[in-house]
Every structure is written in C-alpha cells, then in structure tokens.
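Open the model in your viewer and keep the sequence panel visible. The stops below say what to select and what to look for at each one.

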Amino acid sequence: MNTTIAEVSNINHPVVSRDRWIAERKSLLAREKELTRLSDQIARERRALPWVRIEKVYVFDTPEGKRTLAELFEGRRQLLVQHFMFAPGWEQGCKSCSYMADHNDGANLHLAQRDVTLTAISRAPLADIERFRQRMGWQFKWASSHDTDFNRDFCVSFTPEEMAKGDVYYNYAMQSFPQEEAPGISVFYKDDAGEVFHTYSSYGRGVEVMMGTYHLLDLTPMGRNEDQLSYTMEWVRHHDRYEPAPVPKSAPMANSCCQAHA
C-alpha cells in the first residue's frame with residue numbers, strides 16, 4: 001500500500017540567480033560545518049564514556065549453535081548490536097526495524113575492516129528469525145535471545161505487567177510505549193583477556209544513525225515528507241511489500257509523432 005505523498009510546488013519557493021544561490025549556499029555551508037564539528041566533538045565524548053563490565057553470561061541461539069555474547073564478536077574487538085523488534089509469536093519482524101536492517105549488509109563489509117562485528121538480536125525463536133531473514137534476503141548475522149534476560153537487561157523488551165502500568169523504562173526515562181518490544185542499538189568491547197564491556201546504547205531517534213536512507217532524504221527538497229502522516233514511519237513497508245513506485249509520464253517531445261497525432 002502506498003501512502004500519500006504531499007504535492008510540492010515551487011510557486012511559493014524563492015527562485016534566485018546563481019550568484020544569490022551560491023551566497024546563500026555558502027551561508028548554510030558554514031552552519032553545516034558547525035554541525036560537523038559538533039558531531040565530531042560528541043563522538044569524542046561518546047568514546048570517552050566509562051564502560052560497564054558484563055558480568056552475566058548470555059547464551060544465544062544462532063544458526064551455528066549456542067553462542068555466548070563474547071562469541072558473537074567473531075574474533076573482533078567491537079560488537080554493534082541492533083535490537084530488532086521481533087517477539088515470540090509475531091508473524092514477522094517490525095517493519096521499521098526492517099527498514100533499518102536493510103542498510104546492514106552494505107555496511108557490514110566495511111565495519112569488519114574497522115574491527116567491528118554487526119549483528120541483530122531478537123527475542124523471537126531462531127526458526128522464526130531464520131524464516132524471516134531468508135524471506136528478506138539478508139546476509140547479516142542474527143541471534144535469538146529467546147531464553148535469556150538480554151532484551152530486558154538492555155531495556156528493549158517489556159513485560160505485560162510493566163505495560164499494564166502505563167509507563168516503561170525506555171531511553172533512560174519512564175515513559176509510555178505502545179508495544180512490548182522497542183528499537184535500540186548497543187555497542188560492546190572485548191579486551192585481550194576476553195572480558196566484555198558495555199560501552200554505549202542509543203534508543204528512540206538515536207537509531208536513525210543506521211538509517212542511511214533518512215540522511216539521503218534529508219538532502220532533498222521534500223525531505224522525509226512525514227508531517228502529514230499519523231506517525232513518522234507510517235509510509236515504511238517491508239521491502240518486499242512496497243507497491244511499485246509510480247513512474248511519471250514524460251511529456252511528448254516537440255514535433256514527435258505522438259504530438260502530431262494528438
């Protein structure tokens with residue numbers, strides 16, 4: 001199902017000379033450079049955060065068998081986990097988490113060159129995960145935390161009792177949340193002694209860092225074009241459930257046979 005895309009017209013948008021456009025673009029460029037420098041500074045502060053040693057032993061189901069959290073690193077020192085919303089009993093994984101996961105395979109090759117392993121982790125049983133992963137055509141690793149406290153400990157799964165109270169602990173605060181599963185990203189480091197440390201987690205809009213498509217849309221005149229939707233990601237579908245994108249009809253070329261017989 002396609003969602004409505006707002007019509008955009010340049011009627012009320014300024015149209016200026018090239019020289020005026022360059023001047024305004026350079027003014028915006030200065031602001032973009034400020035943002036880049038701020039982003040670099042925040043990245044340094046993120047890396048400077050203290051770590052928490054992982055004391056609990058988590059054992060996940062994977063296609064290769066049972067694996068501990070330390071074994072999910074696959075010999076690398078850094079592990080990036082996508083907390084993928086897929087609960088036991090669900091027919092399929094969350095469409096918004098799937099939108100994020102569509103970016104994983106392209107990034108994985110490059111992340112490995114920087115000593116990073118990327119994996120998804122969900123509470124759904126491994127058989128359900130594998131069935132869905134094959135449907136979507138993904139190659140990245142995906143583990144089941146079905147029999148562990150992993151999702152609860154990292155605040156991305158909530159019990160019925162918590163949901164009944166109205167507020168759950170998510171994104172470092174008590175707040176309402178509409179589902180039993182929530183999205184997130186967590187990062188871990190393993191030292192030479194094999195000890196694992198939790199270094200960072202991000203939730204809510206923080207997960208957009210892995211959604212490259214959003215960053216590309218932010219460059220376009222229409223942007224994300226979500227203001228008129230009932231919620232921001234209403235338009236997103238599993239990539240095998242989109243209807244074909246409409247192809248605009250081209251106007252007939254001048255002096256073409258089509259025009260001559262119109």
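Rings of Phe, Tyr and Trp (its six-membered ring) count as a pair if their centres lie within 6.5 Å. This is a predicted model, and by this rule the count comes to 26 aromatic pairs.

**Stop 1: two aromatic pairs**

Select Trp-51 and Phe-197, a tilted aromatic pair at 5.7 Å centre to centre with 45 degrees between the planes. The two rings link distant parts of the chain, 146 residues apart: Trp-51 is in the loop between α1 (18–47) and β1 (52–53), and Phe-197 is in strand β10 (residues 196–203). Trp-51 is partly exposed at 43% relative accessible area, whereas Phe-197 counts as buried at 11%.

Now select Tyr-99 and Tyr-214. These rings form an edge-to-face pair, with 5.4 Å between the centres and 70 degrees between the planes. Tyr-99 belongs to helix α2 (residues 95–101) and Tyr-214 to helix α7 (residues 212–217), so defined as DSSP runs, and the pair links distant parts of the chain, 115 residues apart. Tyr-99 counts as buried at 6% relative accessibility, and Tyr-214 counts as buried at 1%.

**Stop 2: an aromatic cluster and two charges over rings**

Which residues form one aromatic cluster? Select Phe-84, Phe-86, Phe-132, Trp-138, Phe-140 and Trp-142 together to display it.

Go next to Arg-18, whose charged end sits over the ring of Trp-21 at 5.1 Å from its centre. Then select Arg-46, which lies over the face of Tyr-200, 5.2 Å from the ring centre.

**Stop 3: the nonpolar cores**

In soluble globular proteins, nonpolar side chains tend to be buried together. The largest nonpolar core here has 21 residues, and Phe-60, Leu-69, Phe-150 and Phe-188 have the most contacts inside it. The elements that give two or more residues to this core are β4 (78–83), β7 (168–170) and β10.

Centre the view on Phe-150. What does Phe-150 touch, leaving aside its neighbours within four places in sequence? Its contacts are Tyr-58, Phe-60, Leu-69, Val-81, His-83, Ile-121, Ser-145 and Phe-188. Apart from the largest core lies another, of 16 residues, among them Phe-84, Met-85, Phe-86 and Phe-140.

**Stop 4: helix α4**

Select residues 126–136, which make up helix α4; Leu-126, Ile-129, Glu-130, Phe-132, Arg-133 and Met-136 are its buried residues. Show β2 (59–62), α2, β5 (116–122) and β6 (141–144) as well, as the buried residues of α4 pack against these elements. Just after the helix, Gly-137 takes a positive phi of about 75 degrees.

**Stop 5: Asn-151**

Asn-151 is in helix α5 (residues 150–153). Is Asn-151 buried or exposed? Its relative accessible area is 3%, so Asn-151 is buried. Its side chain makes a polar contact of 2.7 Å with the side chain of Ser-145. Leaving aside neighbours within four places in sequence, Asn-151 is in contact with Ile-121, Arg-123, Ser-145, Val-156, Ser-157 and Glu-181.

**Stop 6: two cysteines**

A disulfide is a covalent bond between the sulfur atoms of two cysteines. A pair of cysteine sulfur atoms must lie within 2.5 Å to count, and by this rule the count comes to zero disulfides. Select Cys-94: the nearest cysteine sulfur, that of Cys-97, is 3.8 Å away, and Cys-94 is in no disulfide. Cys-97 is likewise in no disulfide, its nearest cysteine sulfur being that of Cys-94 at 3.8 Å. Cys-94 is buried with a relative accessible area of 14%, and Cys-97 counts as buried at 2%.

**Stop 7: Leu-111**

Finish at Leu-111, in helix α3 (residues 104–113). Leu-111 counts as partly exposed at 23% relative accessibility. Leaving aside neighbours within four places in sequence, Leu-111 is in contact with Val-116 and Leu-118. To add a distance to the view, select the C-alpha atoms of Leu-111 and Gln-78: they are separated by 9.7 Å, and the two residues are 33 residues apart along the chain.

Methods: Residues are numbered from 1 along each chain as its sequence is written. This is a predicted model: local features need pLDDT of at least 70, side-chain atom pairs count only at pLDDT 80 or more; totals for chains, interfaces and linings use all residues. Side-chain values use heavy atoms; hydrogens and water are left out. Rings of Phe, Tyr and Trp (its six-membered ring) pair if their centres lie within 6.5 Å; planes under 30 degrees apart count as stacked, over 60 as edge-to-face and the rest as tilted. Helices (H or I, at least four residues) and strands (E, at least two) are DSSP runs, numbered from the N terminus. Buried means under 20% relative accessible area, exposed over 50%, partly exposed in between (1.4 Å probe, protein chains only). A charge sits over a ring if NZ of Lys or CZ of Arg is within 6 Å of the ring centre and within 35 degrees of the ring normal. A nonpolar core is a set of buried Ala, Val, Leu, Ile, Met, Phe, Trp, Tyr and Cys residues joined through side-chain atoms within 4.5 Å. Contact means heavy atoms within 4.5 Å. A polar contact is a pair of N or O atoms within 3.5 Å; within protein, one must be able to donate a hydrogen and the other to accept it, and residues adjacent in sequence count only if both atoms are side-chain atoms.
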